Amino acid sequence: MRSVTGKLALAVAGVVAAGVLIGFYVSKLTTQAGSPTYTVPVKTGGAHPVVDLTIQTVAAVGPALSPNPDWVSFLVRDASGKWRRETVWRLPAHATVHVTIYNFDGASGLRNPFLARPQGVDGNRIVVDGKPLAVLPPDEASHTFAVPQLGLIVPVAPVPDDARNQCGYAPCSLSMAHRTETFTFHTGKPGHYRWQCFVPCAAGWITGFGGPMQTIGYMDGFLDVV
Ligand SMILES: [Cu+2]
């Protein structure tokens, strides 16, 4: 019969091994490995640089951009106008970031209505199709762009279910049904900040939070502020 100390040592070793394996699993899902880094070009340099960040959100990323064509995704537009499935964005520190989101997806709705109020952006307002908005009805949220460490949360307005000319597979052209949302935020000091969607938008996955919702390169990414 083993001693109590022996059993205890075995239990501790088991817990440590399980922890290490869970750590590997989480880091595989959440590290930059899922996406190359896109360096957002600086428009105006100096101590307070200004950049434009243009992204689109789509219901299905399509076979041209992913081995998982039906996954919901963010895309970023590069300087040549090409849409890339890259969700790690390098931004200068202490920069003003003017964001434009073209959303081609419908409503999924937020489980936490608190996240329907824009925060951490200039004026705590977003502009949707030209109209300033201080809160979006929570069940209308299509996605969110949220950077918890910066206190930033922005809900994304949906394309109505009955809209004509809806986009099937990304990249979606601006001639198709979409909402245009703009806001401005500031990067602050250098750091590695996680961003993610909080809307359970991953259709077909348990509670809408699996697959693309927990894989870097789709509904999650990082801001590399340098
Ligand atoms: Cu989403």
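These exercises walk through a predicted model of one protein, each with a worked solution.

**Exercise 1. Describe the protein as a whole: how many helices and strands has it, and what box do its C-alpha atoms fill?**

Start with the elements. The protein has one helix and 14 strands. Next, take the extent along the principal axes. The C-alpha atoms fill a box of roughly 75 × 45 × 35 Å. Then look at burial. Of the 226 residues, 37% are buried. Last, look at the contacts. Take those between residues at least 6 apart in sequence: 71% of them join residues at least 24 apart.

**Exercise 2. Find strand E11 and decide: are its faces covered or open?**

Locate the strand. E11 spans residues 152–156. Count its buried residues. Five of five are buried. Now split them by side. Leu152, Val154 and Val156 lie on one side. Ile153 and Pro155 lie on the other. Residues on both sides are buried, so both faces are covered; the cut-off for buried is 20 or more other C-beta atoms within 10 Å.

**Exercise 3. Work out how strand E10 is joined to E11.**

E10 covers residues 143–147. Five bridges join E10 to E11, and the two run antiparallel. Pick one pair: Phe145 stands opposite Val154 of E11. Now follow the chain from E10 to E11. The two strands form a hairpin, with four residues between them. Gly151 sits in that turn and has a positive phi of about 65°.

**Exercise 4. Which residues have the most contacts inside the largest nonpolar core, and which strands supply it?**

The core holds 57 residues. Those with the most contacts inside it are Val58, Val72, Trp89, Leu91, Val154 and Ala170. Now turn to the strands. E3 (50–58), E4 (73–77), E6 (88–91), E7, E10, E11, E12 and E14 (220–225) each supply at least two residues of this core. For background, nonpolar side chains tend to be buried together in soluble globular proteins.

Zoom in on Ala170. Set aside residues up to four places away in sequence. Ala170 then touches Val58, Ala60, Val61, Gly62, Leu65, Ser73, Leu75 and Trp83.

**Exercise 5. Explore the loop between E11 and E12: where is the cis peptide bond, and what does Met176 contact?**

Pro171 lies in this loop. The peptide bond from Ala170 to Pro171 is cis, with omega near 0°. In general, most peptide bonds are trans.

Met176 is in the loop too, ahead of E12 (179–186). Leave aside neighbours within four places in sequence. Met176 is in contact with Phe104, Asn165, Gln166 and Cys167. Take Phe104: it is 72 residues from Met176 along the chain, yet their C-alpha atoms are separated by 7.8 Å. Now classify Met176. It has 15 other C-beta atoms within 10 Å, so it is partly exposed.

**Exercise 6. Asn124 and Asp129 each have a positive phi. Where do they lie, and how exposed are they?**

Begin with Asn124. Its phi is near 50°. Asn124 is in the loop between E7 (96–103) and E8 (126–128). It has 13 C-beta neighbours inside 10 Å, so it counts as partly exposed.

Move on to Asp129. Its phi is near 50°. Asp129 is in the loop between E8 and E9 (131–133). It has 11 C-beta neighbours inside 10 Å, so it counts as exposed. The cut-off for exposed is 12 or fewer.

Finish with the background. Most residues other than glycine have a negative phi.

Definitions and conventions
Residues numbered from 1 in each chain as written. Predicted model: local features only at pLDDT ≥ 70, side-chain atom pairs only at ≥ 80, totals over all residues. Contact = placed C-beta atoms within 7 Å. Pairing = 2+ DSSP bridges. Core = buried A, V, L, I, M, F, W, Y, C linked by C-beta atoms within 7 Å.
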